[in-house]
Amino acid sequence: MDIKQFSEDSLTIYLGDTVDVETNQKLMILKSIIESWNFHGIYEIVPSYTSLTIHYNLLETDVTKLKEKLGEVDTALLDISELSYKVVEIPVCYGGDYGPDIERFVTDEFTEDDLIHLHAGREYHIFMLGFMPGFPFLGGLDEKLYKERLDNPRTKIPGGSVGIGGEQTGVYPFDSPGGWNIIGRTPVPLYDNNRSEPILYEAGDRIVFRSISEEEYDTIVEAYNNGVYKAKVTKRGSNNDN
């Protein structure tokens, strides 16, 4: 574990430089350990692919003691089997007006249905949230779906759009510029300040995409606007049912 001063009011902890699920899961365990300390002055812990950044109040935090406490953590004991996480189901209408770039994947040997079959129904690990509130950077994309970003990014991508950029897939929570290949759209807002939990997931959780029709898309929009739609969330881990 490598601890470095990121800025005058933050520390970054590195657990190697390899982007993989196991390393990221250990970061989530480490994050929960640090949170359990209730260390005075820490106000945010932000995970990325291979590191955690601890943000603290300079006037309230004993940085020397914090570094000492971090140095006492034995990373060999970060048991990922103890990790609890959520699996969030995200309905997606693929193709058509909702997925204008899906044709970039289609060949004589690979159909739109093939793409949907490979993209939907599998668990994607959320490495981190970034770019905008609620944007999940997901790992676990089938290599047959790898696709370079657009040469000319769009100036506006509708919120809820599901995209593929290189070896990753993700979802745009808000209208935004972007260069990912848009293959579908979800009717469920990923960020909603009126919910008890504005963002449905966090780093370390999982997302499963479920393919829906345009008719079901419209039905979910209406149900959500009427306050009767609730996203399907399943808790997993040592303290939850599988």
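So, contacts first: if you take the contacts in this protein with a separation of 6 or more, 64% of them join residues 24 or more positions apart. Keep in mind that what we're looking at is a predicted model.

What is the chain built from? Four helices and 14 strands. Lay the C-alpha atoms along the principal axes and they fill a box of roughly 60 × 40 × 40 Å. The radius of gyration is 20 Å, and for 242 residues a compact globule would come in near 18 Å, so the two agree. Buried residues make up 48% of the 242.

Now the outside. The protein exposes about 12700 Å², and carbon and sulfur atoms supply 45% of that. As for charge, there are 22 positive side chains and 41 negative ones, yet the centres of the two sets lie 3 Å apart.

Okay, let's go inside. The largest nonpolar core has 32 residues, and the ones touching the most other members are I90, Y94, L115, I183 and F209. Which elements each supply at least two residues of this core? They're β5 (85-94), α3 (112-119), β6 (123-129), β9 (161-165), β13 (206-211) and α4 (214-225). Strand β5 gives the most, with five residues.

Have a look at Y94. Skip its neighbours within four places in sequence, and Y94 is still in contact with I102, E112, L115, I116, H119, A120, I183, G184, F209, S211 and I212. Apart from this core there's another one, with 23 residues, including I13, M28, I45 and V73.

Next, a few single residues, starting with V171. You'll find V171 in strand β10, residues 168-171. Is V171 buried or exposed? Its relative accessible area is 1%, so V171 is buried. Not counting residues up to four places away in sequence, V171 touches F135, P136, G160, S161, V162, T186, L190 and F209. And here's one to try on screen: V171 and I90 are 81 residues apart along the chain, but their C-alpha atoms are separated by 9.9 Å.

Try E214 after that. E214 sits in helix α4, and at 46% relative accessibility it counts as partly exposed. Again leaving out residues up to four places away, E214 touches C93 and Y98. The C-alpha atoms of E214 and L190 are separated by 19 Å, with the two positions 24 residues apart along the chain.

Where is T50? In the loop between β3 (42-47) and β4 (51-56). You might picture a loop residue out in the open, so check the number: T50 has a relative accessible area of 13%, and therefore counts as buried. Beyond its neighbours within four places in sequence, T50 is in contact with I13, Y14, L15, G16, D17, T18, V19, T23 and L27.

Last stop, backbone angles. N38 has a phi near 50 degrees, which is a positive value in a residue other than glycine. N38 is in the loop between α1 (21-37) and β3, and with a relative accessible area of 66%, N38 is exposed. F131 also goes positive, with phi near 75 degrees, and F131 isn't a glycine either. Look for F131 in the loop between β6 and β7 (136-139). Why do we call F131 exposed? Because its relative accessibility is 54%, and the cut-off for exposed is over 50%.

How values were computed. Residues numbered from 1 in each chain as written. Predicted model: local features only at pLDDT ≥ 70, side-chain atom pairs only at ≥ 80, totals over all residues. Heavy atoms only, no water. Core = buried A, V, L, I, M, F, W, Y, C linked by side-chain atoms within 4.5 Å. Buried < 20%, exposed > 50% of the residue type's maximum accessible area, 1.4 Å probe, protein only. Contact = heavy atoms within 4.5 Å. Rg over C-alpha atoms; globule rule 2.2 N^0.38 Å. Areas by Shrake-Rupley, 256 points an atom, 1.4 Å probe, with all protein chains shown as cover. Lys, Arg positive; Asp, Glu negative; His and termini not counted. Charge placed at Lys NZ, Arg CZ, Asp CG, Glu CD.
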